[in-house]
Each structure stands twice: as C-alpha cells, then as structure tokens.
Amino acid sequence: MRAVVIGVLTTVVVALGLLAVLLTRWLGDEQAVAAEREAVIRAAGAHAVNLLSVSHDSVEEDIRRVLSSSTGPARDAYEAGVAKLRQTTVADKVVQIGVLRSVGLVSLSGDEARALVVADGVIQWEGRKAAPRERFHRWTMDLTKSGGSWLVSRWEEVP
C-alpha cells in the first residue's frame with residue numbers, strides 16, 4: 001500500500017512540475033508576443049513622427065532619422081525625394097512638427113507586420129507672417145524586422 005501512495009504522489013508531483021513548466025513557457029511566449037506587438041507600434045509611430053518632423057535648422061538630421069527607420073521600397077521612395085525636400089525646407093525656412101495621434105496593429109506574423117497610423121503635422125515658416133498650417137495624415141504601414149529592429153518597408157496614405 002505504501003508503494004502505491006508513493007507512486008501516486010510521485011505522479012502528482014511530476015504532473016504538477018510539467019504543468020508549471022508548460023505554464024511558464026506559455027507565459028513567456030505571451031510576453032514575447034506582447035513585446036513584439038509593442039515594438040511594431042513604437043516603430044510605426046516613430047516613423048510617422050519622423051516623416052512629419054523636419055526643420056530647416058536640422059534637415060540633415062531629420063532626413064537621417066527617416067532613413068534609419070525605413071527599409072526597402074519605403075526607404076527608396078524617401079531617398080528619391082530627399083534633394084527636393086532639403087532644398088524646399090531650407091529655402092522656405094520650414095519648421096514642421098509631427099504629432100502622433102494613434103497607432104493600431106493590424107497584423108503580426110513572424111518578421112512582417114502591418115499597422116494603421118494617424119498623425120498630424122503643423123507647418124510654420126520662419127520669417128513669414130503666414131498662419132501655421134495643419135495637415136492630417138492616415139497611413140497603412142508595412143514593417144519588416146531587420147537586424148532585430150522593426151523598420152517601415154512600405155507605407156500608403158489612406159484617404
């Protein structure tokens with residue numbers, strides 16, 4: 001009888017240990033997924049603010065920020081317009097400030113994700129008496145994980 005009790009207790013202890021291991025692994029996986037979701041949201045939001053924040057005083061740094069948060073077609077498209085952006089921003093003494101309003105995760109699968117982003121930009125011209133202009137932007141952004149970082153690989157303005 002004593003052998004049976006010890007056998008049952010051993011089985012219960014092993015089962016509880018296995019359950020604890022599985023629960024710990026499951027919680028770890030859930031935390032990892034939550035961390036990835038948060039990283040995608042942060043990356044998409046930062047890229048939107050980077051796109052909308054440019055000043056004649058810091059145009060080179062502003063351009064580098066956008067390039068560092070993008071990859072693939074998004075980076076190529078931005079690079080294609082950099083010369084005009086630089087020239088216009090400096091010549092017109094533009095100061096534009098981006099404000100993030102909202103980011104939502106649409107999908108996340110492996111190293112690919114999609115987010116919806118809402119951000120506004122306020123444009124001012126130093127030395128002009130013109131009133132600041134507000135511009136409202138809504139984007140769908142595709143992100144790719146590259147070198148451990150989420151980068152915007154494609155974006156499209158949503159009407």
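Strands β3 (112-125) and β4 (133-146) run antiparallel and are joined by 12 bridges, helices (H or I, at least four residues) and strands (E, at least two) being DSSP runs numbered from the N terminus. Within this pair, Asp120 stands opposite Phe136 in β4. The model is predicted, and local features therefore need pLDDT of at least 70 and side-chain atom pairs pLDDT 80 or more, whereas totals for chains, interfaces and linings use all residues. Residues are numbered from 1 along each chain as its sequence is written, and side-chain values use heavy atoms, without hydrogens and water.

The open sheet comprises five strands in the order β1-β2-β3-β4-β5, with antiparallel pairing; two strands pair if DSSP finds at least two bridges between them. The edge strands, β1 (54-55) and β5, each pair on one side only.

The largest nonpolar core (buried Ala, Val, Leu, Ile, Met, Phe, Trp, Tyr and Cys residues joined through side-chain atoms within 4.5 Å) has 25 residues, and those with the most contacts inside it include Tyr78, Trp139 and Trp150. At least two core residues come from each of α1 (2-52), α2 (59-68), α3 (72-91), β3, β4 and β5 (149-157). Helix α1 gives the most, with seven residues. Not counting residues up to four places away in sequence, Tyr78 touches (heavy atoms within 4.5 Å) Leu51, Ile63, Val66, Leu67 and Leu85.

In α2, Val59, Asp62, Ile63, Val66 and Leu67 are buried, that is, under 20% relative accessible area, with exposed meaning over 50% and partly exposed in between (1.4 Å probe, protein chains only). These residues lie on the same side of α2 because they cover an arc of only 135° around the axis, taken from the directions from the helix axis to the C-beta atoms. Arg64 and Ser68, on the other side of α2, are exposed.
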